[in-house]
Amino acid sequence: MTEVPLRAGQRWHAMMPQPDHDEMARQTFVWSLRQEIRKTVEPVIPAVYKKVAPKVNKPGRPATIPELRRAMQSEPQIQMWSSLRRSTWEAQWDAAGLAIERDLGRLIDTARRYRDSNQKLGSLELDPTVVTPRYNSEIEIHVQPGGYHVDVTEHDDVFAGALWDRVYTVGEPDRGEWGDLPGIATSSWIKEQFPDLKPKKILDVGCTIGQSTLPYCDAFPDAEIHAIDVGAPVLRYGHARAEALGKKVHFSQQDAEKTRFKDGSFDLIFSHLLFHETSRTGVENIFREGYRLLKPGGVMFLDDIPDRNGMEQTTSFFFDWMTHNAAEPFINGWIDTDRHAVAERVGFDRKKAKQGGPQNRFFAFRK
Ligand SMILES: C[S@@+](CC[C@H](N)C(=O)[O-])C[C@H]1O[C@@H](n2cnc3c(N)ncnc32)[C@H](O)[C@@H]1O
């Protein structure tokens with residue numbers, strides 16, 4: 001099998017969807033167009049903000065989010081950016097999805113071979129009784145067709161996983177060879193912050209296809225690594241992908257709000273970009289479950305969209321736009337969530353919390 005063309009700095013693996021010439025051309029066009037819009041059209045946000053800010057911000061009373069939204073969105077330049085961003089985002093899923101539909105039989109067969117191999121490194125445990133929480137089942141988060149959990153074929157579907165890999169590893173620049181840069185960055189941050197932590201068992205919560213899980217295999221080579229998600233097709237794909245990349249991970253289908261693991265099972269629990277896609281109750285329940293699953297001295301870590309504290313109004317506008325226009329309805333709620341307060345309510349000591357990373361978006365709580 002020949003390796004298909006990728007983008008500079010990215011590498012192929014056996015579970016990667018293989019677009020034909022025309023499909024690749026279509027995908028490359030959409031990716032390039034999106035980058036171009038980011039580079040040349042998105043700067044209208046600070047430019048328009050400069051114009052509207054003096055009108056909406058009163059002395060001693062900055063504009064509320066709805067006031068800022070109304071002022072910004074009444075400007076034609078913002079309307080143009082908004083429409084271009086949304087429509088090219090949809091086009092990206094469509095371009096990748098069409099090619100995957102054609103290649104799906106091969107991908108399913110490959111995943112089955114990894115699953116059934118008696119030489120596999122990790123494992124895959126699916127549980128059809130797991131119910132996808134409403135915050136994921138009622139909406140196609142970030143306009144991803146079918147979301148993370150919908151099977152598009154009768155047996156052993158991997159479509160959602162392949163789509164995620166194509167869009168977030170290959171489509172997004174600057175995410176590393178296999179979309180693993182965020183996991184490389186967070187695992188090194190954790191090691192730096194907690195030099196005495198020598199985890200034997202680690203859990204990734206909301207792992208999708210395990211892009212951020214795999215770097216933890218390298219960062220903590222002596223640990224047993226588990227990864228959970230509610231979506232079966234992303235887990236099937238993620239397990240096969242990990243095997244293809246020679247990484248040992250135990251994937252299982254579980255709801256992070258109420259898992260099947262025993263109390264005190266893990267030394268380190270981490271999540272990447274999970275919380276901004278969950279409801280307020282979901283956030284609270286996942287924190288509580290994380291606390292239950294940690295051994296004393298264990299660490300719960302999260303990397304997600306930063307909180308409102310010190311956030312610039314242009315950034316607040318951008319995330320508010322995402323909340324209302326990009327099928328990400330929980331972003332504003334998450335930005336306004338006091339992570340230390342939630343952690344304290346479930347039992348963590350806020351004095352032991354650590355925060356850092358880019359935009360101060362990494363949080364770690366020690367039990
Ligand atoms: C943005 S993706 C996470 C990306 C992934 N962590 C990474 O770094 O590539 C959010 C994931 O969380 C999963 N998820 C949402 N709610 C969940 C829950 N209650 N339990 C387990 N997984 C959940 C979704 O199915 C989805 O795969």
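## Helix α9 and the residue after it

G246 has a positive phi of about 70° and sits just after α9. This is a predicted model. The helix itself covers residues 232–244, 13 in number. From first C-alpha to last, α9 reaches 18 Å, close to the 18 Å expected at 1.5 Å a residue.

How many residues of α9 are buried? The count is 12 of the 13, so the helix is largely enclosed by the rest of the structure. The buried stretch includes nonpolar residues such as V234, L235 and Y237. Charged residues are buried too, among them R236, R241 and E243. What do the buried residues of α9 pack against? Their partners are the helices α4, α6 and α8 (214–219), together with the strands β1 (123–125), β3 (224–229) and β4 (250–253).

## Nonpolar cores

The largest nonpolar core holds 71 residues. Those with the most contacts inside this core are A111, L163, Y237, I269 and F301. Y237 is also one of the buried residues of α9. Helix α4 gives the most to the core, with 9 residues. Domain 1 and domain 2 both contribute residues, so the core lies between them. In soluble globular proteins, nonpolar side chains tend to be buried together.

F301 shows what such contacts look like. Leaving aside neighbours within four places in sequence, F301 is in contact with T186, I190, F270, F362 and A364. A second core, separate from the largest, has 10 residues. A63, L68, A71 and W81 are among them.

## Two domains and their contact

The domain assignment gives domain 1 as 21–122 + 152–171 and domain 2 as 181–366. Their C-alpha centres lie 21 Å apart. Across the contact, 29 residues of domain 1 meet 30 residues of domain 2.

Which elements give two or more residues to the side of domain 1 that touches domain 2? They are α2 (44–56), α3 (65–73), α4 (76–116) and α6 (159–171). Helix α6 gives the most, with 8 residues. By class, this side of domain 1 divides into 17 nonpolar, 5 polar and 7 charged residues. Both α4 and α6 also pack against the buried residues of α9.

## Around the ligand

The ligand has 23 residues around it. Y148, G206, S212, A256 and H272 come nearest. The shell comprises 10 nonpolar, 9 polar and 4 charged residues.

How values were computed. Residues numbered from 1 in each chain as written. Predicted model: local features only at pLDDT ≥ 70, side-chain atom pairs only at ≥ 80, totals over all residues. Domains from an automatic or database assignment. Contact = placed C-beta atoms within 7 Å. Helix = DSSP H or I, 4+ residues; strand = E, 2+ residues; numbered from the N terminus. Near = placed C-beta within 6 Å. Core = buried A, V, L, I, M, F, W, Y, C linked by C-beta atoms within 7 Å. Buried ≥ 20, exposed ≤ 12 C-beta atoms within 10 Å, placed from the backbone. Expected span 1.5 Å × (residues − 1).
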